[in-house]
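Subject: Structure for your review

Dear colleague,

Please find below the structure I agreed to pass on to you. My notes on it follow directly after.

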Amino acid sequence: MRLMLRFFGFLFAVGTILFLVGVAGVAGLMWHYSKDLPDYSQLQDYEPPVMTRVHASDGSLVAEYARERRLYLPIQAVPKRVIHAFLSAEDKNFYEHGGLDFQGMARAGILFAQNYGTGRRPQGASTITQQVAKNFLLTNEVSFTRKITEALLAMKIERAYTKDKILELYLNEIYLGFSAYGIAAASLLYFDKSVHELTIAEAAYLAALPKAPSTLHPFRQRERAIERRNYVIDRMVENGYVKSEDGDAAKKAPLAVTARTTGSHIFAGEYFAEEVRREIYDRYGEKKLYEGGLSVRTTLDPKLQQLARKSLIAGMIRYDENHGYRGALQKIDVSGDWGVKLAEVKALSDIGWNLAVVLETSDQSARIGFQPTREPGGAVVRERRVGIIPIEGVKWAKAAAGPQRGRAPAKVSQVLEAGDVIYVEPLGEAKDGQEVQYRLRQIPEISGAITVMDPWTGRVLAMVGGFSFDQSQFNRATQALRQPGSSFKPFVYAAALDNGYTPSTVVMDSPISIDQGPGAGVWTPQNYSAGKFYGPQTLRFGIEFSRNVMTVRLAQDVGMPLIAEYAKRFGVYDDLPPYLSFALGAGETTTLRMTAAYSMFANGGRRIKPTLIDRIQDRYGHTIYKHDQRECRGCDADRWANQPEPTLIDRREQVIDPMTAYQITSMMEGVVQRGTATTIREVGKPVAGKTGTTNDEKDAWFVGFSPDLAVGVYFGFDKPRSMGRGSTGGGMAAPVVRDFLKAALADKPAVPFRVPAGIKLIRIDPKSGMRAGPGSDRVILEAFKPGTAPPDSYSVVGYSDGGGGHTSDHGGGSPAPVASPPPQSMNPFERLFRPGLGGLH
């Protein structure tokens, strides 16, 4: 008995020693691994990379920018259904354990022993807390050292943070495939809905993804994904989170994943969105753009944006189709399954046309097959759609060269052949029982841009920088430096009106030769209507009918240094060379700059800075940028106490005299009423503006404005070349502005331009610029500043016997008389209102 007691005593002693040694060993290991543990306190101030979201002025989403597509969601905002799904899939005892699941660890240890030497990856038993430790503080290394460190960190994290905080970090950090990090972004990208709208089946599928998003791909691994989703649903039922019947219904639901687009979310808004992205990048840097979680409220008006794109594209197509059909995009073999071959052809995704291949042709029609779509997994769908192009759909395709040039085709087979890859668009609505017919289309070679702006604030309401962003990301509204031609002339006239001239000042329209100095030779400017001159004419006539020679004489009299200063003041150019040719728009600028400059005429001469962004907020909702810097006095009142209403203090610089701005506006309104842009009269509302055409018709412009909307349009080839005789601003750009303004102002009242205080509206004879007599049959109201009045006799800038000199009297008040011009020079006054006054731009 004593021997037995001694034996058990010995065993107890040995066991105690071994236990103490084990405890000491474990303590030593814990001390060893605890020495270099990462600082887990950083989790308290953790700021995960969050996507930047860009919104239009009405709140609709324009674009998202991120490396890791994540929207941070506080745990209080996460629906219970989503939490229950993730707990069932990942860690059902999360709210009970202290950071480690010992049963799971034992199970993983047994499996490791069984698989030892097989090369299989060890099965984990990580709790949600351990995954937080790994994802935030450790690497993905597979080793016992990392697992021990992870376990130690998990226990420390559990003591430092609440369960809800740990779960919040986990649900916002996990990678769920499709470039989505966190449940909020994954819900949008997989199902295009917020987490609050997720069904049981959808929440279960997202909860299944953390283990292996790539092997549970909803399209490539669909069966496996459904199996894992249903496993999670079963666990939710088992844990009492979901009723059994609801679980059965969820398992029968299809895996209806609708991948959300990651590009521009507003049709036609791609150029605008990219310009905003570049501005944020320049302002805050790459990290803030892609990880800062900024909320950007832009100036974009989605309705005006679509109207602007529609009008510009229509103008491009109109010009392009008038110059004939250039042929198919490419040719493919239509024998066998043509759909697979056509699916390999890259199509522009943002133009609204269908890519198709001609299958067969006849005299009166062609049968076409449409490019098949692809399944989400990438496979070409089996369905093959076909359609018909009738003879009406190719009538525009005139021959571009040869003996048939300019003639409409008599047969479809003259235009199309089997195997031609083309773009088509529906030709009207299909009639009952008839097949939809299509019209042949082609991508225009011509380029262009349109900018729409609020002239009072500088807010860019719409911007289109080309035919297709998918084809070219070069934004011609902001990046294309082109000569504005005659659309620059209003700044020459503004400099004159600000310095003593009046709209009735008379300038000679007759040949002039200018000696440009040694080595430069003699320059003889020409009007667009070469060889046609109209003698002495008013400034109003010069701008309404865009007379080049009159503008050069005016610039010579005013002085190019002053005009260069005005060009800089309006933001058209940064540094304009003081050469007379630049008075005709020979410098290079952008559509955005020109629209902003004209806006300063519309708003009474106040400086504006064009902007695409109203406000930027950081991830916490703090405003870090605001475009409107006006001071609001009285806006900080806590309550109404009979105090004066709040007022906005506008300290923006006055670029020109408001009266000068109105005079120029009135003169440019004449451009629309009877000058080179009469097509815009169809708008039926007050509109002012100016056309512009450069040498050899390389550029065509119209920039104009209504009282509350400014628009600039430019056309030209990306590699400048002639667009053809007659391709003027009045014939190409003005119709685009007409179409846009007719739609944009359709429901707006016809508001006249605001007349500033001090302006006198006096009845004058537009032929002579002098005060109209009682019996005058042609009378207009002309705007004069105080102290000026219509002239009582002629004073002609630029008149001399040789036609090359000029006088310095500006026609204000009662100028001194000068020698009368020859009678034949006076006759053109009578031609001012005759129809068919050609060759003007």
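The notes below concern one sheet with its covering helix and one pocket.

Please bear in mind that this is a predicted model.

The sheet

An open sheet is built from 5 strands, arranged in the order β11-β10-β22-β21-β20 with antiparallel pairing. Its edges are β11 (460–464) and β20 (688–693); each has a single partner strand, so one side of each is left without a neighbour in the sheet. From one strand to the next, the twist averages 5°.

Within this sheet, β10 (residues 447–453) and β22 (residues 709–716) run antiparallel and are joined by 7 bridges. As regards individual residues, Ile 450 has Val 713 in β22 as its bridge partner.

Helix α20 (residues 658–674) lies across two of the strands, β20 and β21 (700–706). The helix runs at about 65° to β20.

The pocket

The second largest pocket holds about 850 Å³ of space. Its lining comprises 32 residues, and those nearest the centre are Ile 608, Lys 609, Pro 610, Thr 611 and His 627. Two or more lining residues come from each of the elements α11 (270–284), α19 (591–602) and β17 (623–626). Sorted by class, the lining of this pocket contains 14 charged, 10 nonpolar and 8 polar residues.

I should be glad to receive any comments you may have.

With kind regards

How values were computed:
Residues numbered from 1 in each chain as written. Predicted model: local features only at pLDDT ≥ 70, side-chain atom pairs only at ≥ 80, totals over all residues. Heavy atoms only, no water. 1 Å grid on protein atoms, 1.4 Å probe; cavity = no way out; pocket = protein on both sides within 12 Å on 5 of 7 lines; lining within 4 Å. Points joined across faces, edges and corners; volume = space filled by probe spheres on them. Helix = DSSP H or I, 4+ residues; strand = E, 2+ residues; numbered from the N terminus. Nonpolar A, V, L, I, M, F, W, Y, C, P; charged D, E, K, R; others polar. Pairing = 2+ DSSP bridges. Axes fitted to C-alpha atoms, helices over the stretch in contact; angles between N-to-C directions. Contact = heavy atoms within 4.5 Å.
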